[in-house]
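Student: I would like a close look at a single part of this model, taken slowly and in one connected account. Please start from one pairing and work outward from there.

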Amino acid sequence: ALVPFVGLGNIADRYLYLASFGLCVSLVVVLEHLVKVVSPGKTRNQGLILCALVALLGVWYYSTNVTEQKKWEYAGKITRTTIALFRTDYETIPSSSKLSFVNTPVKQNGVWVFPVGLADGLWFVYQEKSPAIYQFNSIDEARAASVSGSINYIFYFDKNGRIASVK
């Protein structure tokens with residue numbers, strides 16, 4: 001339903017909610033037809049078959065929901081851990097410093113972590129006294145971009161989203 005209004009490539013799972021209504025209605029029509037074909041005139045059997053199918057569908061939806069919830073929980077853990085690290089260990093960084101981040105996770109398992117960059121998240125720690133924040137694809141690039149005369153920090157995210165300082 002939203003495809004005409006959303007640019008292709010920007011379609012997320014949350015847009016499927018409205019479209020799933022048509023799928024559910026179609027599924028009910030097909031199930032009703034199958035129940036009538038399998039057991040004509042036996043309303044008790046139809047009710048049992050329908051209840052079993054609804055239960056199976058409910059279990060599938062529940063398991064999918066739990067899986068998605070775990071993905072979002074893990075992405076939230078990455079964000080909380082990163083922000084907490086800077087709030088506790090690096091809160092007194094001077095605003096003239098340069099923070100370089102390597103492999104900043106934009107998405108983890110298809111879930112947004114830092115979709116607009118880490119600078120927006122670190123603003124909540126430093127506010128107007130924010131140091132310069134840069135993102136790089138490799139540690140070598142970050143080291144090459146270090147500016148002499150300023151305090152340079154390099155942080156690296158591993159493939160699981162854990163952050164570590166690079167010496």
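Which residue in β5 is the bridge partner of L99?

Tutor: The partner of L99 in β5 is Y153. Bear in mind throughout that the model is predicted.

That bridge belongs to a longer pairing: β1 and β5 run in the parallel sense and are joined over five bridges. To place these strands, consider the chain as a whole. Its secondary structure amounts to four helices and six strands, and in sequence order the pattern reads α-α-β-β-β-α-β-α-β-β. Contacts between residues 24 or more positions apart make up 66% of those in the chain with a separation of 6 or more.

On its other pairing, β5 meets strand β6, residues 163–166, in the antiparallel sense over four bridges. Two positions show the register. F155 has S165 as its bridge partner in β6, and F157 stands opposite I163 in that strand. The hairpin formed by β5 and β6 has five residues between the strands, and G161 takes a positive phi near 90° there.

Now go back to β1 and take its residues in turn. S100 is found in this strand. Is S100 buried or exposed? With a relative accessible area of 2%, S100 is buried, because the cut-off for that class is under 20%. Leaving out neighbours within four places in sequence, the contacts of S100 are Y134, F136, A142, Y153, I154 and F155. Y153, named above as the bridge partner of L99, is thus also in contact with S100.

F101 has its own list of contacts. Beyond four places in sequence, F101 is in contact with F86, L118, L122, I133, Y134, Q135, F136, F155, F157 and I163. F155 is therefore a contact of both S100 and F101 under the cut-off of heavy atoms within 4.5 Å. The pair F157 and I163, opposite each other in the hairpin, also appears among the contacts of F101.

Some of these residues recur in the largest nonpolar core. In general, nonpolar side chains tend to be buried together in soluble globular proteins. The core here has 19 residues, and those that touch the most other members are F86, L99, F101, L122 and Y126. At least two residues come from each of α2, β1 (98–102), α3 (118–126) and β5 (152–157). The largest share, five residues, is supplied by α2. Apart from this core lies another, of five residues, with V102, A142, I154 and V166 among them. A142 and I154, members of that other core, are both in contact with S100.

Q135 is one of the contacts of F101, and its position lies in strand β4, residues 132–136. Why is Q135 classed as partly exposed? Its relative accessible area is 42%, so Q135 falls between the 20% limit for buried and the 50% limit for exposed. Not counting residues up to four places away in sequence, Q135 touches F101, T104, G117 and L118. Q135 and Y156 are 21 residues apart in sequence, with a C-alpha to C-alpha separation of 9.9 Å in space.

Just ahead of β5 in the chain comes the loop that leads in from α4 (139–144), and V147 has its place in that loop. V147 too is partly exposed, because its relative accessible area of 42% lies between the same two limits. Leaving aside neighbours within four places in sequence, V147 is in contact with K98 and N152. From V147 to S97 the separation is 50 residues in sequence and 9.5 Å in space, C-alpha to C-alpha.

To return to the starting point: L99, whose bridge partner in β5 is Y153, is among the residues that touch the most other members of the largest nonpolar core. For the chain as a whole, 24% of the 167 residues count as buried.

Methods. Residues are numbered from 1 along each chain as its sequence is written. This is a predicted model: local features need pLDDT of at least 70, side-chain atom pairs count only at pLDDT 80 or more; totals for chains, interfaces and linings use all residues. Side-chain values use heavy atoms; hydrogens and water are left out. Buried means under 20% relative accessible area, exposed over 50%, partly exposed in between (1.4 Å probe, protein chains only). A nonpolar core is a set of buried Ala, Val, Leu, Ile, Met, Phe, Trp, Tyr and Cys residues joined through side-chain atoms within 4.5 Å. Two strands pair if DSSP finds at least two bridges between them.
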